[in-house]
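Please read the following account with the sequence and the coordinates side by side, since each paragraph moves from single residues to the helices that hold them.

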Amino acid sequence: MKFDVTPGMRRLGGTVLGMEAIVAALVTPVAINSGVATGLAVTVGIGLAVLCVVIAGLLKRPFGYIAGTVVQVLAICTGFLVPTMFFLGAIFAALWITAIIVARRVEGATSR
């Protein structure tokens with residue numbers, strides 16, 4: 001099965017990852033206030049935010065979507081530090097899947 005990357009997929013996927021980067025960065029102070037060690041909170045929160053931005057730049061290739069899916073799993077796993085992230089990570093994972101599906105359908109319909 002061939003996975004074609006469309007401009008709409010890059011746009012919507014990049015938007016989801018960009019917003020997720022902001023939320024991931026904001027997890028850092030919440031985790032610190034919740035009693036998580038400062039070094040761990042900064043590493044996880046800022047690390048995930050940087051990873052989101054880097055992967056947003058890789059969305060020109062199919063590998064970027066695999067890496068983006070891994071980021072969604074990592075975002076859900078940050079719920080072990082800040083329990084609210086289980087919920088927010090699931091929302092971003094749903095947005096990620098929706099962005100890919102909607103972009104492919106819209107661009108498939110406009111190419112006819």
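C77 lies in helix α3, and in this predicted model the residue is partly exposed, with a relative accessible area of 38%. The C-alpha atom of C77 is separated by 30 Å from that of R105, a residue 28 positions away along the chain. Does the sulfur of C77 lie within reach of another cysteine sulfur, or too far for a bond? The closest cysteine sulfur is that of C52, at 13 Å, and because a disulfide requires the two sulfur atoms to lie within 2.5 Å, this separation is too far for a bond. The count of disulfides in the model accordingly comes to zero, and C52, for which the sulfur of C77 is the nearest at 13 Å, is in no disulfide. The surroundings of the two cysteines can also be set side by side: C52 is buried, with a relative accessible area of 0%, whereas C77 is partly exposed.

The helix that holds C77 deserves a closer look. Helix α3 has 16 residues, and the distance from its first C-alpha to its last is 24 Å, which is close to the 22 Å expected at 1.5 Å a residue. Its buried residues are G64, Y65, A67, G68, V71, Q72 and A75. Seen down the axis of α3, these buried residues fall within an arc of 160°, so they line one face of the helix. The face turned away from this buried side carries the exposed residues F63 and I66.

Just beyond α3 comes T78, which is found in the loop between α3, residues 62-77, and α4, residues 84-110. Is T78 buried or exposed? Its relative accessibility is 8%, and because buried means under 20%, T78 counts as buried. A polar atom of the T78 side chain lies 2.5 Å from the backbone oxygen of A75, and A75 is itself among the buried residues of α3. Leaving aside neighbours within four places in sequence, T78 is in contact with V44, L48 and M85. One of these partners, L48, is buried in α2.

That contact leads to helix α2, which covers residues 38-57 and has 20 residues. At 1.5 Å a residue these should span 28 Å, and the C-alpha atoms at the two ends are 28 Å apart, which agrees. Within α2, the buried residues are A41, G45, L48, A49, C52 and I55, so that the cysteine discussed above belongs to this set. When the helix is seen down its axis, the buried residues fall within an arc of 135°, so they line one face of α2. T43, V53 and G57 are exposed on the other side. What do the buried residues of α2 pack against? They pack against α1, residues 7-33, and against α3.

In α1, G13 offers a view of how parts of the chain that are separated in sequence come together. G13 lies in helix α1 and is buried, with a relative accessible area of 2%. A56 is 43 residues away from G13 in sequence, but the two C-alpha atoms are 7.1 Å apart in space. Once neighbours within four places in sequence are left aside, G13 is in contact with L59, W96 and A99.

Helix α4 contains A93, which counts as buried at 14% relative accessibility. With neighbours within four places in sequence again left aside, A93 is in contact with Q72 and I76, and Q72 is among the buried residues of α3. A93 and V23 are 70 residues apart in sequence, and their C-alpha atoms are 13 Å apart in space.

These local views can now be placed in the whole. The secondary structure comes to four helices and zero strands, and from the N terminus on the elements run α-α-α-α. Taken along the principal axes, the C-alpha atoms fill a box of roughly 55 × 20 × 20 Å. Of the 112 residues, 34% count as buried. Among the contacts with a separation of 6 or more, residues 24 or more positions apart account for 67%. The protein exposes about 6,500 Å², and carbon and sulfur atoms supply 74% of that area.

Methods: Residues are numbered from 1 along each chain as its sequence is written. This is a predicted model: local features need pLDDT of at least 70, side-chain atom pairs count only at pLDDT 80 or more; totals for chains, interfaces and linings use all residues. Side-chain values use heavy atoms; hydrogens and water are left out. Buried means under 20% relative accessible area, exposed over 50%, partly exposed in between (1.4 Å probe, protein chains only). A polar contact is a pair of N or O atoms within 3.5 Å; within protein, one must be able to donate a hydrogen and the other to accept it, and residues adjacent in sequence count only if both atoms are side-chain atoms. Contact means heavy atoms within 4.5 Å. The expected span of a helix is 1.5 Å times one less than its number of residues. The arc is that of the directions from the helix axis to the C-beta atoms. Accessible areas come from the Shrake-Rupley method with a 1.4 Å probe; for residues, only the protein chains shown count as cover.
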